Number of protein chains: 2
Amino acid sequence: MPVQLLRDVGLRVTRQRTAVLDALADRPEAVSAQELYTEFRNAGDSIGLSTVYRALESLDEAGLLDSFPREGEQVYRRCSPKHHHHLICIDCSRVEELEATLVEDWVASVSNVHDFEVTGHRADIYGRCIACAA
Amino acid sequence: MPVQLLRDVGLRVTRQRTAVLDALADRPEAVSAQELYTEFRNAGDSIGLSTVYRALESLDEAGLLDSFPREGEQVYRRCSPKHHHHLICIDCSRVEELEATLVEDWVASVSNVHDFEVTGHRADIYGRCIACAA
DNA sequence: GTTGTTGCAAAGAATTTGCAACATA
DNA sequence: TATGTTGCAAATTCTTTGCAACAAC
């Protein structure tokens, strides 16, 4: 339930934020603010474009969403709260979450060897999902 | 020598493309088209902004440059032709190239386990370089 | 009631495009 | 000479911001 999620991260529960979370629920592919805005409009939902941008931004900061750039725009999707990597379909934007011990090991080893204060990392795999590869 | 590089990838050798390659030579940090354009102007070099965009795009496609998004804009840097990953300073944009067998192993294992036609991957580590961490 | 949120329209920023002039091969 | 490239200005697209009305707590 979106309401509880919002409370948990200390954001006010508004119709708009709830709508955004609902729209992203169980959606495997990532979407941009523009796409989401268009969906709302087509569905007859009244939401401002800047509100969609602001909602996605706060939800992302709160850790409720993943976000990454795709072809010049930022895209978002619901994600599990624990650290993970991605398997991203370059055709349909469908995303699968991956855990990857190997990657964590790599990061640890690099931070040991280099004079570098590691603050984060990202590791994603691109390709075509079974549906799009056909 | 930029001239040879351009020939090798089948691009015409122009003053502008050569200038872009020169400007990127041995520069450890990544730069955007806008930044490069400003540098040229300040140096008295006459180059159009769209030309900088187009030069970076073709050089990137030719595999002579790495590129990744940074705060809403695309940034570029010279890179070695072989596959590698990055250690990126979030303060000064300095980039170090990494080879990572562990990452390659991970990608291979994922492509074996999932119904997914892998076309590429990317793995980068973010943090502060020794100079910026001070 | 206080404070955070929304919506709109305007502003901003990065990037792309049309097209005539021009440079490279 | 034929074709790829440049430069400029205009157009596009994504994103942010100011501010008054409004909703959540």
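Here is a quick tour of a predicted model in which two protein chains, A and B, meet two DNA strands, C and D. A rotation of 180° with 0.0 Å of shift along its axis lays chain B over chain A, with an RMSD of 0.1 Å. That is how a two-fold axis relates two copies. Along that axis, look for Ala123(B): its C-alpha is the one in chain B nearest the axis, 2.0 Å from it.

**Getting to know chain A**

- Chain A has 6 helices and 6 strands.
- Following the sequence from start to end, you meet them in the order α-α-β-α-α-β-β-β-β-α-β-α.
- The C-alpha trace of chain A spans about 55 × 45 × 25 Å along its principal axes.
- Chain A has 134 residues, and 40% of them count as buried.
- Take the contacts in chain A with a separation of 6 or more: 47% of them join residues 24 or more positions apart.

**How the two copies meet**

- Of the interface residues of chain B, 100% are interface residues in chain A too, so the copies meet through the same surface.

**Around DNA strand C**

- DNA strand C is surrounded by 21 residues, and the closest are Arg17(A), Thr51(A), Arg54(A), Arg12(B) and Tyr53(B).
- Which part of the strand comes within 4 Å of the protein? Sugar and phosphate make up 64% of the atoms of DNA strand C that do.
- Zoom in on Arg17(A): one of its polar side-chain atoms is 2.2 Å from a phosphate oxygen of DNA strand C.
- From chain B, an N or O atom in the side chain of Tyr53(B) lies 2.8 Å from a phosphate oxygen of DNA strand C.
- Glu73(B) also has a polar side-chain atom 3.5 Å from a phosphate oxygen of this strand.
- Four elements give two or more residues each to the surface near DNA strand C: helix H2 (15-24) and helix H4 (49-61) of chain A, plus helix H4 (49-61) and strand S3 (73-78) of chain B.
- H4(B) gives the most here, with 4 residues.
- Sorted by class, the surface near DNA strand C holds 4 nonpolar, 10 polar and 7 charged residues.

**Around DNA strand D**

- There are 21 residues around DNA strand D, and those that come nearest are Tyr53(A), Gln16(B), Arg17(B), Thr51(B) and Arg54(B).
- For DNA strand D, sugar and phosphate account for 65% of the atoms within 4 Å of the protein.
- Thr51(B) places a polar side-chain atom 2.6 Å from a phosphate oxygen of DNA strand D.
- In Gln16(B), a side-chain N or O atom is 2.9 Å from a sugar or linking oxygen of DNA strand D.
- For Arg15(B), the distance from a side-chain N or O atom to a phosphate oxygen of DNA strand D is 3.4 Å.
- Here the elements giving two or more residues are H4 and strand S3 (73-78) of chain A, along with H2 and H4 of chain B.
- The largest share of this surface, 4 residues, comes from H4(A).
- By class, you'll find 4 nonpolar, 10 polar and 7 charged residues near DNA strand D.

**One helix up close: H3 of chain B**

- Helix H3 (residues 33-42) of chain B has these buried residues: Ala33(B), Leu36(B), Tyr37(B) and Phe40(B).
- Why do they sit on the same side of H3(B)? They cover an arc of only 100° around the axis, which puts them there.
- This fits a general rule: an α-helix has 3.6 residues a turn, so residues three or four places apart point the same way.
- The buried residues of H3(B) pack against helix H2 (15-24), strand S1 (31-32), H4 and S3 of chain B.
- Just after H3(B) comes Gly44(B), with a positive phi of about 85°.

**Two loop residues to look up**

- Glu29(B) sits in the loop between H2 and S1 of chain B.
- Is Glu29(B) buried or partly exposed? Its relative accessibility is 25%, so it counts as partly exposed.
- Glu29(B) and Arg94(B) are 65 residues apart along the chain, but 3.8 Å separates their C-alpha atoms.
- Beyond its neighbours up to four places away in sequence, Glu29(B) touches several residues, including Tyr76(B), Cys92(B) and Arg94(B).
- Arg27(A) lies in the loop between H2 and strand S1 (31-32) of chain A.
- Arg27(A) is buried, at a relative accessible area of 15%.
- Setting aside neighbours within four places in sequence, Arg27(A) contacts Leu36(A), Glu39(A) and Arg77(A).

How values were computed:
Residues numbered from 1 in each chain as written. Chains lettered and ligands numbered in written order. Predicted model: local features only at pLDDT ≥ 70, side-chain atom pairs only at ≥ 80, totals over all residues. Heavy atoms only, no water. Least-squares fit on C-alpha atoms with pLDDT ≥ 70 in both. Contact = heavy atoms within 4.5 Å. Near = heavy atom within 4 Å. Polar contact = N/O pair within 3.5 Å; in protein donor to acceptor, adjacent residues only side chain to side chain. Nonpolar A, V, L, I, M, F, W, Y, C, P; charged D, E, K, R; others polar. Buried < 20%, exposed > 50% of the residue type's maximum accessible area, 1.4 Å probe, protein only. Arc of directions from axis to C-beta.
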